[in-house]
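Me: Got a minute to go through this model with me? I'd like to know what stands behind each label.

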Amino acid sequence: MKRRPLLAGNWKMHTTVIDACQLAAAIGKCSAGLADRDVLLAPPYTVLSEVAHVLQGSDVLIASQNVCWEAEGAFTGEISPTMIKSAGGTAAIIGHSERRQIFHEDHAIINKRVLGALAFGLIPVFCVGETLEEREGEKTFEILEEQLREGLAGVSLQDMGKTVVAYEPVWAIGTGKTASKEQAQEAHAFIRKLLAEMFEKNIADTVRILYGGSVKPDNVDELMAQTDIDGALVGGAALDADSFCRIINFI
Ligand SMILES: O=C[C@H](O)COP(=O)(O)O
């Protein structure tokens, strides 16, 4: 089944207002006219609306890097789906391994974020992935299954159709150590098969599964050639306009 590729740049905790506007403008330019793929940027909250403003009129989608499940209230340090939408965002990264590991976000909180995003009409970019220890202990599939079952609990069939999944092996993030195309494809195929079990095969067939972890201009083409890899969630290389533009223009 042919799925529309999605190339996403996660800027993590990088960019001042000026940097962000310049980077967004350059990416806007090199993604213009690409009719067969989607491009998404996840800048820090502080520049969401500036980036959306710079990209107004383009097809580049804007996401936040996390999201709370409530529209407003006493949740110091959080950002709500309505705030993200009012700043120009249409999606939210949820369950990134840096949130899971550094900030100890557990399955329950991640699940609340997924359901909250969907309830307010934001597309979740739901991240899963195993650590090196888990891979070496041959627990990759067990970990992925737990993350998917717990994190997507209560998601309706219709909402799953809109959700994006990102497979990011923790050992490949920011390390320069990309999963081989075979390792990535194997994990993506497992995720799709599990989604078919959890939801329906026709839903699983439409869900875009992105690969993340040291995606660069020199490995994007072979990763994107894999049957179950529908896009990339890019960190480091998304901060350099030339690199990200090459990634967007994968062959
Ligand atoms: O969200 C992006 C991922 O964590 C990948 O980051 P990276 O491309 O710097 O390895």
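**Labels and their cut-offs**

Reply: Sure, and α1 and α12 make a good start: they are roughly parallel to each other.

Me: Why are α1 and α12 called roughly parallel?
Reply: Angles under 35 degrees count as roughly parallel, and helix α1 (residues 17-31) and helix α12 (residues 241-248) pack at about 30°, with axes 10 Å apart; therefore the label fits. Axes here are lines fitted to C-alpha atoms over the stretch in contact, with angles from 0 to 180 degrees between N-to-C directions. Helices are DSSP runs (H or I, at least four residues), numbered from the N terminus.

Me: Before we go on, what sort of model is this?
Reply: A predicted one: local features need pLDDT of at least 70, side-chain atom pairs count only at pLDDT 80 or more, and totals for chains, interfaces and linings use all residues. Residues are numbered from 1 along each chain as its sequence is written.

Me: What makes the contact between α1 and α12?
Reply: Leu23, Ala26, Ile27, Cys30 and Ser31 of α1 meet Ala241, Phe244, Cys245 and Ile248 of α12, where contact means C-beta atoms, placed from the backbone, within 7 Å. They divide into eight nonpolar, one polar and no charged. Ala, Val, Leu, Ile, Met, Phe, Trp, Tyr, Cys and Pro count as nonpolar, Asp, Glu, Lys and Arg as charged, and the others, Gly among them, as polar.

Me: Which residues does UniProt list for "active site"?
Reply: The unreviewed UniProt entry lists His96 and Glu168. They are spread over 73 residues of sequence, yet they cluster in space, with a largest C-alpha distance of 8.3 Å.

Definitions and conventions. Helix = DSSP H or I, 4+ residues; strand = E, 2+ residues; numbered from the N terminus. Parallel < 35°, antiparallel > 145°, perpendicular 65-115°, else oblique. Contact = placed C-beta atoms within 7 Å. UniProt positions renumbered as here; feature names shortened; annotations may be inferred.
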